[in-house]
Amino acid sequence: MTKRPFTVQAAAALQAAEGAAAVGFGVFTGVETATGAAVDPASAIGVTVLALAGGLGMLGCARGLLRADQWSRAPTVLTQLFALPIAWSLWQSGQPAIAVPLGVVAVLALIAALSPPSTAWLVEDHDEDDEDAPEAPGPAEPAADPPTAEPRSLGRRLKDRLNEQPTRNGGN
(Lines give C-alpha, C1' and ligand atoms only; values in the text may rest on other atoms or scores of the structure.)
Protein backbone atom coordinates (compact mmCIF):
# COMPACT_ATOMS: atom_id res chain seq x y z
CA MET A 1 0.00 0.00 0.00
CA THR A 2 1.31 3.44 -0.81
CA LYS A 3 2.16 5.72 2.06
CA ARG A 4 -0.71 7.84 3.35
CA PRO A 5 -0.05 11.55 2.68
CA PHE A 6 0.21 13.96 5.59
CA THR A 7 -2.75 15.92 4.20
CA VAL A 8 -5.03 12.88 4.60
CA GLN A 9 -3.78 12.34 8.14
CA ALA A 10 -4.39 16.02 8.92
CA ALA A 11 -7.90 15.98 7.44
CA ALA A 12 -8.74 12.82 9.39
CA ALA A 13 -7.36 14.27 12.63
CA LEU A 14 -9.31 17.50 12.23
CA GLN A 15 -12.50 15.61 11.33
CA ALA A 16 -12.00 13.34 14.34
CA ALA A 17 -11.49 16.35 16.63
CA GLU A 18 -14.77 17.85 15.43
CA GLY A 19 -16.50 14.50 15.84
CA ALA A 20 -15.18 14.09 19.38
CA ALA A 21 -16.31 17.62 20.23
CA ALA A 22 -19.80 16.91 18.86
CA VAL A 23 -20.04 13.64 20.82
CA GLY A 24 -18.86 15.47 23.94
CA PHE A 25 -21.47 18.16 23.42
CA GLY A 26 -24.13 15.49 22.91
CA VAL A 27 -23.14 13.75 26.14
CA PHE A 28 -23.13 17.08 28.00
CA THR A 29 -26.58 17.99 26.66
CA GLY A 30 -27.89 14.51 27.47
CA VAL A 31 -26.65 14.67 31.07
CA GLU A 32 -28.06 18.18 31.42
CA THR A 33 -31.42 16.94 30.13
CA ALA A 34 -31.41 13.87 32.37
CA THR A 35 -30.72 15.94 35.47
CA GLY A 36 -33.56 18.34 34.67
CA ALA A 37 -31.35 21.36 33.95
CA ALA A 38 -32.56 21.75 30.35
CA VAL A 39 -34.98 24.63 29.75
CA ASP A 40 -36.82 22.73 27.00
CA PRO A 41 -36.38 18.97 27.46
CA ALA A 42 -37.91 18.04 24.11
CA SER A 43 -35.49 20.27 22.20
CA ALA A 44 -32.60 19.14 24.37
CA ILE A 45 -33.32 15.50 23.54
CA GLY A 46 -33.32 16.34 19.83
CA VAL A 47 -30.05 18.25 20.14
CA THR A 48 -28.54 15.34 22.08
CA VAL A 49 -29.51 12.80 19.44
CA LEU A 50 -28.32 15.00 16.55
CA ALA A 51 -25.01 15.82 18.25
CA LEU A 52 -24.31 12.17 19.07
CA ALA A 53 -25.29 10.94 15.60
CA GLY A 54 -23.38 13.72 13.84
CA GLY A 55 -20.31 13.23 16.00
CA LEU A 56 -20.27 9.48 15.41
CA GLY A 57 -20.71 10.12 11.69
CA MET A 58 -17.74 12.51 11.69
CA LEU A 59 -15.63 9.95 13.53
CA GLY A 60 -16.64 7.37 10.92
CA CYS A 61 -15.58 9.75 8.14
CA ALA A 62 -12.22 10.30 9.82
CA ARG A 63 -11.71 6.54 9.97
CA GLY A 64 -12.75 6.27 6.33
CA LEU A 65 -10.17 8.87 5.31
CA LEU A 66 -7.44 6.90 7.05
CA ARG A 67 -8.57 3.69 5.35
CA ALA A 68 -8.65 5.38 1.91
CA ASP A 69 -12.39 4.89 1.58
CA GLN A 70 -13.39 7.11 -1.33
CA TRP A 71 -16.86 7.77 0.11
CA SER A 72 -15.40 9.52 3.16
CA ARG A 73 -14.14 12.67 1.47
CA ALA A 74 -17.52 14.09 0.38
CA PRO A 75 -19.12 14.03 3.85
CA THR A 76 -15.89 15.39 5.32
CA VAL A 77 -15.97 18.34 2.92
CA LEU A 78 -19.70 18.88 3.56
CA THR A 79 -19.10 18.88 7.31
CA GLN A 80 -16.56 21.66 6.90
CA LEU A 81 -18.80 23.63 4.55
CA PHE A 82 -21.58 23.47 7.17
CA ALA A 83 -19.13 24.42 9.95
CA LEU A 84 -18.12 27.69 8.28
CA PRO A 85 -21.53 29.43 8.49
CA ILE A 86 -21.96 28.07 12.01
CA ALA A 87 -18.61 29.62 12.98
CA TRP A 88 -19.68 32.90 11.39
CA SER A 89 -22.97 32.86 13.27
CA LEU A 90 -21.15 32.17 16.54
CA TRP A 91 -18.78 35.06 15.78
CA GLN A 92 -21.68 37.43 15.18
CA SER A 93 -23.40 36.33 18.38
CA GLY A 94 -20.34 37.29 20.41
CA GLN A 95 -18.84 33.86 21.03
CA PRO A 96 -15.36 34.10 19.50
CA ALA A 97 -13.96 31.44 21.86
CA ILE A 98 -15.97 28.84 19.94
CA ALA A 99 -16.21 30.56 16.55
CA VAL A 100 -12.50 31.05 15.89
CA PRO A 101 -11.36 27.47 16.59
CA LEU A 102 -14.31 26.06 14.64
CA GLY A 103 -13.60 28.31 11.66
CA VAL A 104 -9.87 27.59 11.68
CA VAL A 105 -10.40 23.84 11.92
CA ALA A 106 -12.98 23.93 9.11
CA VAL A 107 -10.70 25.88 6.76
CA LEU A 108 -7.68 23.68 7.53
CA ALA A 109 -9.71 20.48 7.09
CA LEU A 110 -11.06 21.73 3.76
CA ILE A 111 -7.57 22.54 2.54
CA ALA A 112 -6.25 19.16 3.68
CA ALA A 113 -9.14 17.11 2.28
CA LEU A 114 -9.16 18.88 -1.09
CA SER A 115 -5.39 19.08 -1.57
CA PRO A 116 -3.88 17.31 -4.60
CA PRO A 117 -2.02 14.67 -2.52
CA SER A 118 -5.24 13.77 -0.69
CA THR A 119 -7.19 13.60 -3.93
CA ALA A 120 -4.59 11.43 -5.63
CA TRP A 121 -4.36 9.03 -2.69
CA LEU A 122 -8.11 8.73 -2.16
CA VAL A 123 -8.87 7.96 -5.82
CA GLU A 124 -6.07 5.40 -6.01
CA ASP A 125 -7.23 1.79 -5.87
CA HIS A 126 -5.69 0.49 -2.65
CA ASP A 127 -7.31 -2.97 -2.88
CA GLU A 128 -4.80 -4.05 -5.51
CA ASP A 129 -1.89 -2.93 -3.32
CA ASP A 130 -2.86 -5.10 -0.35
CA GLU A 131 -0.53 -8.10 -0.49
CA ASP A 132 -1.89 -9.71 2.70
CA ALA A 133 -5.42 -10.12 1.39
CA PRO A 134 -6.17 -13.57 -0.05
CA GLU A 135 -7.08 -13.55 -3.68
CA ALA A 136 -10.68 -14.53 -4.28
CA PRO A 137 -11.09 -17.50 -6.58
CA GLY A 138 -13.14 -16.81 -9.65
CA PRO A 139 -13.34 -17.25 -13.37
CA ALA A 140 -10.24 -16.38 -15.29
CA GLU A 141 -10.37 -12.84 -16.54
CA PRO A 142 -8.97 -11.78 -19.86
CA ALA A 143 -5.55 -10.18 -19.76
CA ALA A 144 -5.75 -6.51 -18.90
CA ASP A 145 -4.04 -3.79 -20.85
CA PRO A 146 -0.37 -3.53 -19.95
CA PRO A 147 0.26 -0.97 -17.23
CA THR A 148 1.12 2.44 -18.52
CA ALA A 149 3.87 4.66 -17.22
CA GLU A 150 1.37 7.38 -16.24
CA PRO A 151 -1.56 6.77 -13.86
CA ARG A 152 -4.98 6.86 -15.44
CA SER A 153 -7.12 9.91 -14.84
CA LEU A 154 -10.20 9.65 -12.65
CA GLY A 155 -12.43 10.08 -15.70
CA ARG A 156 -10.63 7.28 -17.54
CA ARG A 157 -10.85 4.97 -14.51
CA LEU A 158 -14.59 5.63 -14.19
CA LYS A 159 -15.10 4.98 -17.89
CA ASP A 160 -13.15 1.71 -17.65
CA ARG A 161 -15.20 0.65 -14.63
CA LEU A 162 -18.45 1.39 -16.43
CA ASN A 163 -17.29 -0.69 -19.39
CA GLU A 164 -16.61 -3.61 -17.03
CA GLN A 165 -20.15 -3.55 -15.63
CA PRO A 166 -22.62 -6.08 -17.04
CA THR A 167 -25.44 -4.58 -19.03
CA ARG A 168 -29.06 -4.92 -17.98
CA ASN A 169 -30.18 -6.82 -21.07
CA GLY A 170 -27.23 -9.25 -21.15
CA GLY A 171 -25.10 -7.32 -23.63
CA ASN A 172 -27.63 -7.10 -26.47
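**Exercise 1. Is serine 43 buried, exposed or partly exposed?**

Solution. The model is predicted: local features need pLDDT of at least 70, side-chain atom pairs count only at pLDDT 80 or more, and totals for chains, interfaces and linings use all residues. Residues are numbered from 1 along each chain as its sequence is written, and side-chain values use heavy atoms, with hydrogens and water left out.

Step 1. Fix the classes: buried means under 20% relative accessible area, exposed over 50%, and partly exposed in between (1.4 Å probe, protein chains only).

Step 2. Serine 43 has a relative accessibility of 39%, so it counts as partly exposed.

Step 3. Place the residue: serine 43 lies in helix 2. Its C-alpha atom is separated by 9.5 Å from that of threonine 33, and the two are 10 residues apart along the chain.

**Exercise 2. Describe the secondary structure and surface of the protein.**

Solution. Step 1. Helices (H or I, at least four residues) and strands (E, at least two) are DSSP runs, numbered from the N terminus. On this basis the protein has 6 helices and 0 strands, in the sequence pattern α-α-α-α-α-α.

Step 2. Of its 172 residues, 27% count as buried. The accessible surface is about 11,900 Å², and 65% of that belongs to carbon and sulfur atoms; areas come from the Shrake-Rupley method with a 1.4 Å probe, and for residues only the protein chains shown count as cover.

Step 3. Contact means heavy atoms within 4.5 Å. Among contacts with a separation of 6 or more, 69% come from residues 24 or more positions apart.

**Exercise 3. Compare the spans of helices 1, 3 and 4 with expectation, and inspect what follows helices 1 and 3.**

Solution. Step 1. The expected span of a helix is 1.5 Å times one less than its number of residues.

Step 2. Helix 1, with 29 residues, should span 42 Å, and its end C-alpha atoms are 41 Å apart, which agrees. Helix 3 (residues 73-92) has 20 residues and reaches 29 Å from its first C-alpha to its last, close to the expected 28 Å. Helix 4 has 19 residues and reaches 26 Å, close to the expected 27 Å.

Step 3. Glycine 36, just after helix 1, takes a positive phi of about 85°. Glycine 94, just after helix 3, takes a positive phi of about 80°.

Step 4. In helix 1 itself, take alanine 34. This residue is exposed, with a relative accessible area of 69%. The C-alpha atoms of alanine 34 and isoleucine 45 are separated by 9.2 Å, at 11 residues apart along the chain.

**Exercise 4. Which residues of helix 3 are buried, and how are they arranged?**

Solution. Step 1. The buried residues are Thr76, Val77, Thr79, Gln80, Ala83, Ala87 and Leu90.

Step 2. Seen down the helix axis, they fall within an arc of 150°, so they line one face of helix 3; the arc is that of the directions from the helix axis to the C-beta atoms. An α-helix has 3.6 residues a turn, so residues three or four places apart point the same way.

Step 3. The face turned away from the buried side carries the exposed residues Phe82, Trp88 and Gln92. Cover for the buried residues of helix 3 includes helix 1, helix 2 and helix 4.

**Exercise 5. Examine glutamine 80.**

Solution. Step 1. Glutamine 80 is in helix 3 and counts as buried, at 0% relative accessibility.

Step 2. Leaving aside neighbours within four places in sequence, glutamine 80 is in contact with Gln15, Glu18, Val105, Ala106, Ala109 and Leu110.

Step 3. A polar contact of 2.6 Å joins its side chain to that of glutamine 15. A polar contact is a pair of N or O atoms within 3.5 Å; within protein, one must be able to donate a hydrogen and the other to accept it, and residues adjacent in sequence count only if both atoms are side-chain atoms.

Step 4. Ala106, Ala109 and Leu110 are among the buried residues of helix 4. Helix 1, helix 3 and helix 5 are included in what covers the buried residues of helix 4.

**Exercise 6. Which residues touch the most other members of the largest nonpolar core?**

Solution. Step 1. A nonpolar core is a set of buried Ala, Val, Leu, Ile, Met, Phe, Trp, Tyr and Cys residues joined through side-chain atoms within 4.5 Å.

Step 2. The largest such core has 13 residues, and Ala11, Leu65 and Trp121 touch the most other members. Two or more residues each come from helix 1 (6-34), helix 2 (41-66), helix 4 (96-114) and helix 5 (116-123). Helix 1 gives the most, with 4 residues.

**Exercise 7. Where is alanine 68, and what is its phi?**

Solution. Step 1. Alanine 68 sits in the loop between helix 2 and helix 3.

Step 2. Its phi is near 65°, a positive value in a residue other than glycine. Alanine 68 is buried, with a relative accessible area of 9%.
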